[in-house]
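Hi there,

Here is the structure I promised to pass on. Have a look at it first, and my notes follow underneath.

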Amino acid sequence: MTQALRRRGLLGAAASLAALPAGRARADLPDRQRWLWVQNNAGEEVAVAYRTGQDYNIQALARLQHLFRDLRENLAGPTPPLLLDMLSLIQERFGYTRPLRVISGYRTPATNASLPFAAPNSLHMRGMAADIVMPGMAQADVCNQAMQFSQHLGFMGIGWYGSFTHVDIGPKASWTRMLN
Ligand SMILES: [Zn+2]
C-alpha cells in the first residue's frame, strides 16, 4: 500500500467518536475498522487497522507490539488490545494528521529501575501503560481528553508529566508530576 493511500485511509477513519457507556471495562466500539498510527523514539512508524468490530488483526498487533517494545533492551512485552483501543480513541479525538508518539511503552524491570521517575511497580512492566505525545497539539489538552475517557469508563490511570501524558489500563487513578 502506498503512503498516499495509507494516509487517505487514516483520514477516513477519523470519524466521530461514539458515546461510550459508563462503567464498562471495555470500550464498546462501533463495528468498523479502528486505526492506530504510532511512532516510537527510534523513529519507527506503524499505521495499521488493528481491529475490525470485535476482531483484532494478529499481524497488526504483532507490528504494534514490536513498536511498543523496550528500545533499551530491544525486548517486546505484552501489548494488551485494550490499551491500543484507548490510544486509538485518544488519537481519533485529535485527528489522524500525525502519528501519535509513544515515548515509553513496554519496559523491562531493568529499564524501569533505571528511570528515576518510574514507579517501582509501574504498569509499563506489564505492557499496560504508554507515555504519549500528540505532536502539534497542546499536551495538556491530550491529558484532559484522556482524563475524560478515564472518568467515563471507570478505569484507566492518567498521569500528567508536563510534556507528556501517561495512560494505563489499570485502576482509575490520576496524578500530576512535573518533570524538569
Ligand atoms: Zn508512564
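Two residues are in contact if their C-beta atoms, placed from the backbone, lie within 7 Å. Please keep in mind that this is a predicted model.

With that in hand, let's begin with Phe68, which sits in the loop between helix 2 (58–67) and helix 3 (81–94). Leaving aside its neighbours within four places in sequence, Phe68 is in contact with Thr79, Val102, Gly105, Tyr106 and Ala130. Phe68 counts as buried because 25 other C-beta atoms lie within 10 Å, and the cut-off for buried is 20 or more. Gln39 is 29 residues away from Phe68 in sequence, yet the C-alpha to C-alpha separation is 8.9 Å.

Now for the sheet. It is open, has 8 strands in the order 3-2-1-4-5-7-6-8, and its pairing is mixed. Strand 3 (55–56) and strand 8 are the edge strands, each pairing on one side only. Helix 2 packs on this sheet, touching strand 1 (33–40), strand 2 (45–52), strand 3 and strand 4, and its direction makes about 140° with that of strand 2. Helix 3 runs at about 90° to strand 1 and lies across strands 1, 2, 3, 4, 5 and 7.

Some pairings to check on your screen:

- Strand 4 (residues 100–104) and strand 5 (residues 129–133) are antiparallel, joined by 3 bridges, with Ser104 opposite Asp131.
- Strand 6 (residues 157–160) runs antiparallel to strand 7 (residues 165–168), with 4 bridges; Ile158 stands opposite Val167. In their hairpin, Gly162 has a positive phi near 90°.
- Strand 6 also pairs with strand 8 (residues 173–176), in the parallel sense over 4 bridges, and Gly157 faces Ala173 there.

Best wishes

Note on methods:
Residues are numbered from 1 along each chain as its sequence is written. This is a predicted model: local features need pLDDT of at least 70, side-chain atom pairs count only at pLDDT 80 or more; totals for chains, interfaces and linings use all residues. Two strands pair if DSSP finds at least two bridges between them. Helices (H or I, at least four residues) and strands (E, at least two) are DSSP runs, numbered from the N terminus. A residue is buried if 20 or more other C-beta atoms lie within 10 Å of its own, exposed if 12 or fewer, and partly exposed in between; C-beta atoms are placed from the backbone. Axes are lines fitted to C-alpha atoms, for helices over the stretch in contact, and angles run from 0 to 180 degrees between N-to-C directions.
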